[in-house]
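Welcome! Here are some short exercises to work through with the model open beside you. Try each task before reading its solution.

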Amino acid sequence: MSFFSFGQSADIDVVLNDAETRKKVEHKTEDGKKDKYFLFYDGETVSGKVNVTLKNPGKRLEHQGIKIEFVGQIELYYDRGNHHEFVSLVKDLARPGEMTQSQTFDFEFTHVEKPYESYTGQNVKLRYFLRATVIRRLNDISKEMDIVVHTLSTYPELNSSIKMEVGIEDCLHIEFEYNKSKYHLKDVIVGKIYFLLVRIKIKHMEIDIIKRETTGTGPSVYHENDTIAKYEIMDGAPVRGESIPIRLFLAGYDLTPTMRDINKKFSVRYYLNLVLIDEEERRYFKQQEITLWRKGDVVRKSMSHQAAIASQRFEGSAASESALEQAAKEESG
């Protein structure tokens, strides 16, 4: 019988039950490209079918069992091969035996906990995937299918504005203010910069959004800074008493929610970096951490309203209409 089954193999295909209706989102792969994956949220059921198709009809396929797993894991690039699994669920689809024809197996992982957001960074990857396996004595046959998980948050109750001063004694004194410290990924940053003392010749000023990825612990900590966005505030010399408004829409940038100490393996934080450059190319800067969070699709349409409120607070009601129009364009785009 073993000679009869020699050379038999199979193809495995994993198909979700709601594949035709479930939303897909773009997600960055390890090589920097973007592919589309099925989107899931914490607590959602993951169900579907595993199709095992024999390659050589008429030949038997002996196996030690067929199973499907749902896995959430973190991989640190400097420690490849050592995967840290924080979710690991297994369903047995078939007992050890033999297959004489192609078969389809149903599976369901009910209300699966998916505590973290999918993430692909400079030094770390957090991924969720389904893995179907036909277990054999010598070599298993398996197929993986990645999915993407988004974590949603509600509007933070405490969201105070950011007010700071930066300066050089007798040369420069600036106050800057941002309307809040926590922003959703489609939000708008509204603020103002006040020049109280200007005795150096500033030729350029910008705000950068910096993503800082931290991996590892103790002596093996790696920090990776990535400038996500550069937003020019001013080109030319300011004068004392001048104030410059800021309105920075986040929707066009590749941002993730802030992630703090994910499974004790990594963190992702965001900073607003105010940069001033004088005529001698000297750079002056001040960083401030902000918190980013993801809103659900249902409430995203309120972004234009948020922009209008922010503008009223900082620039008076006359500016709110333009903010509303700009936010609406951003939302529709």
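**Exercise 1. A lysine in a loop**

Is Lys 264 buried or exposed? Work it out, then look at the backbone angle of this residue.

Solution. Keep in mind as you go that this is a predicted model.
- Step 1: find the place. Lys 264 sits in the loop between S20 and strand S21 (266-278).
- Step 2: judge the accessibility. Lys 264 has a relative accessibility of 61%, so this residue counts as exposed; the cut-off for exposed is over 50%.
- Step 3: check phi. Lys 264 is not a glycine, yet phi is positive, at about 60°.
- Step 4: put that in context. Most residues other than glycine have a negative phi.

**Exercise 2. A second positive phi**

Find Asp 261 and describe its element, its accessibility and its phi.

Solution.
- Step 1: Asp 261 belongs to strand S20, which covers residues 259-262.
- Step 2: the relative accessibility of Asp 261 is 47%, and therefore the residue counts as partly exposed.
- Step 3: phi of Asp 261 is near 50°, again a positive value in a residue other than glycine.

**Exercise 3. Two buried residues**

Which residues touch Gln 73, and which atoms make polar contacts with the side chain of Thr 120?

Solution.
- Step 1: start with Gln 73, in strand S6 (residues 66-76). Its relative accessible area is 3%, so Gln 73 is buried, as the cut-off for buried is under 20%.
- Step 2: list its neighbours. Not counting residues up to four places away in sequence, Gln 73 touches His 83, His 84, Glu 85, Phe 86, Lys 125, Leu 126, Arg 127 and Phe 129.
- Step 3: move to Thr 120, in strand S10. With 8% relative accessibility, Thr 120 counts as buried.
- Step 4: find its polar partners. The side chain of Thr 120 makes a polar contact with the side chain of His 27 at 3.3 Å. A polar atom of the Thr 120 side chain also lies 3.0 Å from the backbone oxygen of Lys 28.
- Step 5: widen the view. Beyond neighbours within four places in sequence, the contacts of Thr 120 include Thr 29, Glu 30, Tyr 77 and Lys 125.

**Exercise 4. Ile 135 and its surroundings**

How far apart are Ile 135 and Pro 96 in sequence and in space?

Solution.
- Step 1: locate Ile 135 in the loop between strand S11 (124-134) and strand S12 (141-149). At 24% relative accessibility, Ile 135 is partly exposed.
- Step 2: compare the separations. Ile 135 and Pro 96 are 39 residues apart in sequence, and their C-alpha atoms are 8.5 Å apart in space.
- Step 3: name its contacts. Setting aside neighbours within four places in sequence, Ile 135 is in contact with His 63, Gln 64, Gly 65, Lys 67 and Asp 140.

**Exercise 5. The largest pocket**

What is the volume of the largest pocket, and which strand gives the most to its lining?

Solution.
- Step 1: the volume of the largest pocket is about 790 Å³.
- Step 2: 39 residues line the largest pocket, and Glu 26, Lys 34, Asp 254, Leu 255 and Arg 294 lie nearest its centre.
- Step 3: S2 gives the most to this lining, with five residues. Strands that each supply at least two residues include S3 (34-40) and S18 (222-235).
- Step 4: sort the lining by class. There are twelve nonpolar, eleven polar and 16 charged residues.

**Exercise 6. The whole protein**

How many helices and strands does the protein have?

Solution.
- Step 1: the protein has three helices and 22 strands.
- Step 2: of its 333 residues, 47% are buried.

Conventions: Residues are numbered from 1 along each chain as its sequence is written. This is a predicted model: local features need pLDDT of at least 70, side-chain atom pairs count only at pLDDT 80 or more; totals for chains, interfaces and linings use all residues. Side-chain values use heavy atoms; hydrogens and water are left out. On a 1 Å grid over the protein atoms alone, a cavity is a set of points where a 1.4 Å probe fits but cannot get out, and a pocket is an open set with protein on both sides within 12 Å along at least five of seven lines; lining residues have an atom within 4 Å of a point. Grid points are joined across faces, edges and corners, and a volume is the space filled by probe spheres set on the points. Helices (H or I, at least four residues) and strands (E, at least two) are DSSP runs, numbered from the N terminus. Ala, Val, Leu, Ile, Met, Phe, Trp, Tyr, Cys and Pro count as nonpolar, Asp, Glu, Lys and Arg as charged, and the others, Gly among them, as polar. Buried means under 20% relative accessible area, exposed over 50%, partly exposed in between (1.4 Å probe, protein chains only). Contact means heavy atoms within 4.5 Å. A polar contact is a pair of N or O atoms within 3.5 Å; within protein, one must be able to donate a hydrogen and the other to accept it, and residues adjacent in sequence count only if both atoms are side-chain atoms.
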